[in-house]
Amino acid sequence: MARGNIYFSREIYDAYFSGASAVALVEREHRLFVVPLIIPSSGGLLLKVRNTRGDRVLHAQEFFRGHGYGEDFEKRVYPVELNVELAALEIIGIPRLTV
């Protein structure tokens, strides 16, 4: 993650989002979830192909700004975990701006 972009390796994409071209970002109880949207017409944020390897990038600057997350120019790596109940990938530990 860097500058409001979320980067997914091809392996993460294949494991959790295979076939999805768009996702929804959902914040629930200060936890951030990435939900795959299977039907392309359902809107959401595009998972753009980043390179020939098949890695993906999600441009999420507006979401982060609107939900109190800072934009960091340093690339950071955060662990992810599948939330079966929500059928979503949770990104663990992204810091919010303090007010």
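Two strands pair if DSSP finds at least two bridges between them. Strands are DSSP runs (E, at least two residues), numbered from the N terminus.

This is a predicted model, in which local features need pLDDT of at least 70, side-chain atom pairs count only at pLDDT 80 or more, and totals for chains, interfaces and linings use all residues. Residues are numbered from 1 along each chain as its sequence is written, and side-chain values use heavy atoms, with hydrogens and water left out.

**Exercise 1.** Find the bridge partner of V23 in β3.

*Solution.* Start with the strands. β2 covers residues 22-28 and runs antiparallel to β3, with seven bridges joining them. Now look opposite V23: its partner in β3 is P36.

**Exercise 2.** Place β8 in its sheet and state which strands stand at the edges.

*Solution.* Read the order: β4-β2-β3-β8-β7, an open sheet of five strands with antiparallel pairing. β4 (45-46) and β7 each have a single partner strand, so they stand at the edges, and one side of each lacks a neighbour in the sheet. Next, take the two partners of β8. β3 (residues 31-37) joins β8 by three bridges, and V34 stands opposite L89. β7 (residues 80-83) pairs with β8 over four bridges, where E81 is matched with E90. Four residues lie between β7 and β8 in their hairpin, and A87 in the turn has a positive phi of about 55°.

**Exercise 3.** Are the residues on the two faces of β8 buried or exposed?

*Solution.* Apply the cut-offs: buried means under 20% relative accessible area, exposed over 50%, partly exposed in between (1.4 Å probe, protein chains only). A88 and E90 lie on one side, L89 and I91 on the other; all are buried. For contrast, take L82, in strand β7. L82 counts as partly exposed because its relative accessibility is 44%.
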